[in-house]
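Thanks for coming, everyone. Have a look at the model on the screen, and I'll talk you through a few places that I'd like us to look at together.

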Amino acid sequence: MDIFSHAGDLGHGFVATLEIVLVGFVGALVIGTLIAICRISPVLPLRAFGWFYVEAFRAVPLLVLLVLCVFGLPWIGIVLSPFWSVCLGIALYAGAVVCETLRSGIRGVPFGQVEAARAIGFTFGQSLRHVVLPQAFRAMVQPFGNVFIGVVLGTSLCAAVGAQELTYATKVLSLSVGSPLVWYGCAAVLYIVVTLGSAYIFGMIERRVRFQR
Amino acid sequence: MRGVEPVLFDRPGPRGRRRIVVATVLAVLALAALLLLALRQFDVHGQLAADKWRPFTQWPIMSFLLNGLKYTILVTLLCTVISMPAGAVIALGRLSRRRWVSWPAVAFTEIFRSLPTMLLILVFLLALPPVGLNLPTIWKLAVPICLTGSATIAEVFRAGILALERGQTEAAYAIGMRYGQAMRLVILPQVIRPLLPLLLVQLINLLKDSTLGYVVTYSELLYSGKILGEYVHAPIQTYLVVAALYMIVNWLITRLAHLIERRQGRLPRFRTRRVDDATAVTAAAE
């Protein structure tokens, strides 16, 4: 049957989606951490830059950013492959979200914890390492899961700018092979498996690392 | 500055202050260099030329973009009007004790929260017309956004309802209210107010989703930008202006959300942690 002989193309699209997710998410972690460091540093221009970055990239829709990266950058001489262009767009966009996740995680640590750490003579690095970050990271697992799922769902926008991934492969297959509802059904199942699967994994991690009080 | 950040540092001494001054100078230089590099990239490829930017000072061109913004806002409001009440109803359904009500609600939220809007857009754009469901263009855009949007908003409502004290529901039952009455008269009014900032964030998400008009060729802001960019032969400039317009609108909504949040912070029941007072204490101790 036709559908089975073309299922491999859908698989290629699926793998491409996973690649974009991986590169985009890791890039977002790097960018978000750097911006978060800028935002809490005592250096005023860096703080202003961090604030501006977060406000700007949280306010602009992802599709606009992807269009700018894919169709805009070549005009100023930055020619990237579609894959790297969309990865750049996703990393820039999700970086702002990662920065806010990190910050709200650190802010969620009860105030007295820091004061207690400072009171028993911990330095800045020690109180961060032994008191603040262990608690902050635990609280951040679920929010990071949501960021990850957001990145997964965001990759489907890459189809709108012509990057090869699952949604794009689905569109091509449904136009060339026919029986579109079957293909869209398959793609939907794959997306649901990835998002619910990663939600389950992040939930498991969260339960594993949670403090037993 | 609120939160733990200020206590983490010692107040800088003379050496620390000198280091901060040096770092400030270096940061300014680095940021300026970055900006100059970006401008140079534009300049070298002729994208800073005045005639590439002049169209955006002319009213007919800008009014074309603002017209796109009008349709963006129209679609966003349409989706808001549909998916906010739908989200509230689905959340109540999910919390219902009747299986035949709660299971469909659970299935709906879990499925449509996990699907990208883009995929649904393509379904309504390419897969459904051949089998006889050919909606007008605006609905091809709005229906998928409402499907995913109401699932997300339902989860926001559910979290809000669960966060409310159980005593409220029990009190409503105790004075003889039925389930529907308790929800309508006691629970929802209390839930909506603290949720307002979060619902405004969802409004921003709906507005961001409306950029998918680019795919269904509905003339909202991004698609207008695409047409205009091809027409004036200045795509990157047009998309930058479009991005700036989106930023302004979304930034204003975010400000509004913060404003509401701050006003509500004064109400005692929504105050979670008295962070500001603690900051004041440590400041006084220094």
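So, to get us going: is A:Ile192 buried or exposed? Before I answer, one reminder that this is a predicted model. Okay, first find the residue: A:Ile192 sits in helix H8 of chain A, the one covering residues 180-209. And the answer is buried, since its relative accessible area comes out at 19%, and the cut-off for buried is under 20%.

What is A:Ile192 in contact with, once we set aside its neighbours within four places in sequence? From its own chain there's A:Gly197, and from the other chain there are B:Ile111, B:Ser114 and B:Leu115. If you want another landmark in chain A, try A:Leu153: that residue is 39 residues away from A:Ile192 along the chain, and their C-alpha atoms are 9.8 Å apart.

Those chain B partners bring us to the interface. People often describe the size of an interface by the accessible area that is lost when the parts come together. Here, chain A and chain B bury about 5100 Å² between them, and 76% of that is on carbon and sulfur atoms. On the residue count, chain A puts in 52 residues and chain B puts in 52 residues.

What about the polar side of things? Six residue pairs are in polar contact across the interface of the two chains, with both residues at pLDDT 80 or more. As for salt bridges, the rule finds one between chain B and chain A. That one pairs B:Arg255 with A:Glu55, with 3.8 Å between the closest N and O atoms.

Which parts of chain B do the touching? Helices H1, H2, H5, H6, H10, H12 and H13 of chain B each bring at least two residues to the side that touches chain A. The largest share is from H12(B), with ten residues.

While we're in chain B, let me stop at helix H5, where you'll find B:Thr109. This threonine counts as buried, at 1% relative accessibility. Its side chain makes a polar contact of 3.1 Å with the side chain of B:Arg94. Leaving out residues up to four places away in sequence, B:Thr109 also touches B:Ile90, B:Ala151, B:Ala154 and B:Glu155.

There's a buried serine to show you in chain A as well. A:Ser85 is in helix H4, and its relative accessible area is 2%, so we call it buried. What does its side chain find there? A polar atom of the A:Ser85 side chain lies 2.9 Å from the backbone oxygen of A:Ser81. Beyond the neighbours within four places in sequence, A:Ser85 is in contact with A:Cys69, A:Val70 and A:Leu80.

Now hang on to A:Leu80, as that leucine is also part of a nonpolar surface patch of about 880 Å². Other members include A:Leu22, A:Val23, A:Val26, A:Leu34, A:Ile37, A:Ile78, A:Trp84 and A:Leu88. Which helices supply at least two residues each? Helix H1 and helix H4 of chain A, running over 2-40 and 82-107. H1(A) gives the most, with six residues.

Let me finish on one of those patch residues, A:Val30, which is in helix H1 of chain A. Its relative accessible area is 49%, so A:Val30 is classed as partly exposed; the label exposed is kept for values over 50%. Right, over to you for questions.

Terms used:
Residues numbered from 1 in each chain as written. Chains lettered and ligands numbered in written order. Predicted model: local features only at pLDDT ≥ 70, side-chain atom pairs only at ≥ 80, totals over all residues. Heavy atoms only, no water. Patch = residues over 30% accessible without salt bridge, like charges linked within 9 Å, V, L, I, M, F, W, Y side chains within 5 Å. Areas by Shrake-Rupley, 256 points an atom, 1.4 Å probe, with all protein chains shown as cover. Salt bridge = Lys/Arg side-chain N within 4 Å of Asp/Glu carboxyl O. Helix = DSSP H or I, 4+ residues; strand = E, 2+ residues; numbered from the N terminus. Buried < 20%, exposed > 50% of the residue type's maximum accessible area, 1.4 Å probe, protein only. Contact = heavy atoms within 4.5 Å. Buried area = accessible area lost by both parts, 1.4 Å probe. Polar contact = N/O pair within 3.5 Å; in protein donor to acceptor, adjacent residues only side chain to side chain.
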